[in-house]
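Student: Before we begin, I should like to ask how the labels applied to a structure are justified. Please set each value against its definition.

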Amino acid sequence: MSSSCDPKYAPVGDVGAALMMIDSRLKSVYDGKTETDPEQQALMDQFTASLGPGGADAVLDGACTLIFMFMKWLRLAYEDHGKDVIEYVVPNLVATMRMMPRSVGPEVIPTMAGLVVAAGTGLSPNLWRKQYGYWTEDEMTPLEATAFLLAEHINRLTDDRDFATRMITEALSSADEG
């Protein structure tokens, strides 16, 4: 039986722009820069402002596509070891977000956990979220943090700081070729 949250009904969005933002954050953290670089933030703000409403929605959908793709990879990886992705990813994600109170308010953590559970069970995270209304401004940074944390989780599992980004880039390249 098909669900209204089936990924085949979801817009893919601007995965490239979303990936660029996540990759930039990963590189900053790996370089030991945990505080936001004002110059980098100004560039991100300028980029975001240049998108307009339609472009911003496309990046938002792209971030959700990343979450879906990361969770699909994680689900397959954990299943290969007889483990449940929800059991191993969601508690870690929630605990990490609780340690980020300036970026992630406690009121949005359940929504981000829901996005990850939806993606982990094969549902579209953006369609799952949209059934509760449109995204709020307060959810934008936590959405980015969710995609970032999933990418970082994959990178740690593979012991390769670029694995998550490379995986998506290769998937995009093969989609372009097909």
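Student: Why is Thr111 called buried or exposed?

Tutor: Thr111 has a relative accessible area of 18%. Buried means under 20% relative accessible area, exposed over 50%, and partly exposed in between, with a 1.4 Å probe and protein chains only. Thr111 is therefore buried. The model is predicted, with pLDDT of at least 70 required for local features and 80 or more for side-chain atom pairs, while totals for chains, interfaces and linings use all residues. Residues are numbered from 1 along each chain as its sequence is written, and side-chain values use heavy atoms, leaving out hydrogens and water.

Student: What does Thr111 touch, and where does Thr111 lie?

Tutor: Thr111 lies in helix 4, residues 109-120; helices here are DSSP runs (H or I, at least four residues), numbered from the N terminus. Leaving aside residues up to four places away in sequence, Thr111 touches Trp128, Arg129 and Glu139, where contact means heavy atoms within 4.5 Å. Thr111 and Arg129 are 18 residues apart in sequence, and their C-alpha atoms are 7.7 Å apart.

Student: Why is Thr165 called buried or exposed?

Tutor: The relative accessibility of Thr165 is 13%, so Thr165 counts as buried. Thr165 is found in helix 7 and touches Leu19, Asp23 and Leu26, not counting residues up to four places away in sequence.

Student: Why is Asp159 called buried or exposed?

Tutor: Asp159 has a relative accessible area of 74%, and is therefore exposed. Asp159 is found in the loop between helix 6 and helix 7. Its phi is near 55°, a positive value in a residue other than glycine.

Student: What is the span of helix 6, and how many of its residues are buried?

Tutor: Helix 6 has 19 residues and reaches 28 Å from its first C-alpha to its last, close to the expected 27 Å. The expected span is 1.5 Å times one less than the number of residues. Of its 19 residues, 14 are buried, and helix 6 is mostly covered.

Student: What is the span of helix 2, and where does its kink lie?

Tutor: A straight helix of 43 residues would span 63 Å, but helix 2 spans only 42 Å between its end C-alpha atoms. A kink of about 115° lies at Gly52, shortly before Pro53; the bend at a residue is the angle between axes fitted to the seven residues ending there and the seven starting there. Just after helix 2, Gly82 takes a positive phi of about 70°.

Student: What makes a space a pocket, and how much space lies in the largest pocket?

Tutor: On a 1 Å grid over the protein atoms alone, a pocket is an open set of points with protein on both sides within 12 Å along at least five of seven lines, and lining residues have an atom within 4 Å of a point. The volume is the space filled by probe spheres set on the points. About 1300 Å³ lies in the largest pocket. Its lining holds 39 residues, with Arg25, Met140, Thr141, Glu144 and Ala145 nearest its centre. Helix 1, helix 2 and helix 6 each give two or more residues, and the largest share, 12 residues, comes from helix 2.

Student: How much space lies in the second largest pocket, and which element gives the most to its lining?

Tutor: About 180 Å³ lies in the second largest pocket. Helix 2 gives the most to its lining, with 5 residues. Lining residues include Phe68, Trp73 and Met167.

Notes:
On a 1 Å grid over the protein atoms alone, a cavity is a set of points where a 1.4 Å probe fits but cannot get out, and a pocket is an open set with protein on both sides within 12 Å along at least five of seven lines; lining residues have an atom within 4 Å of a point.
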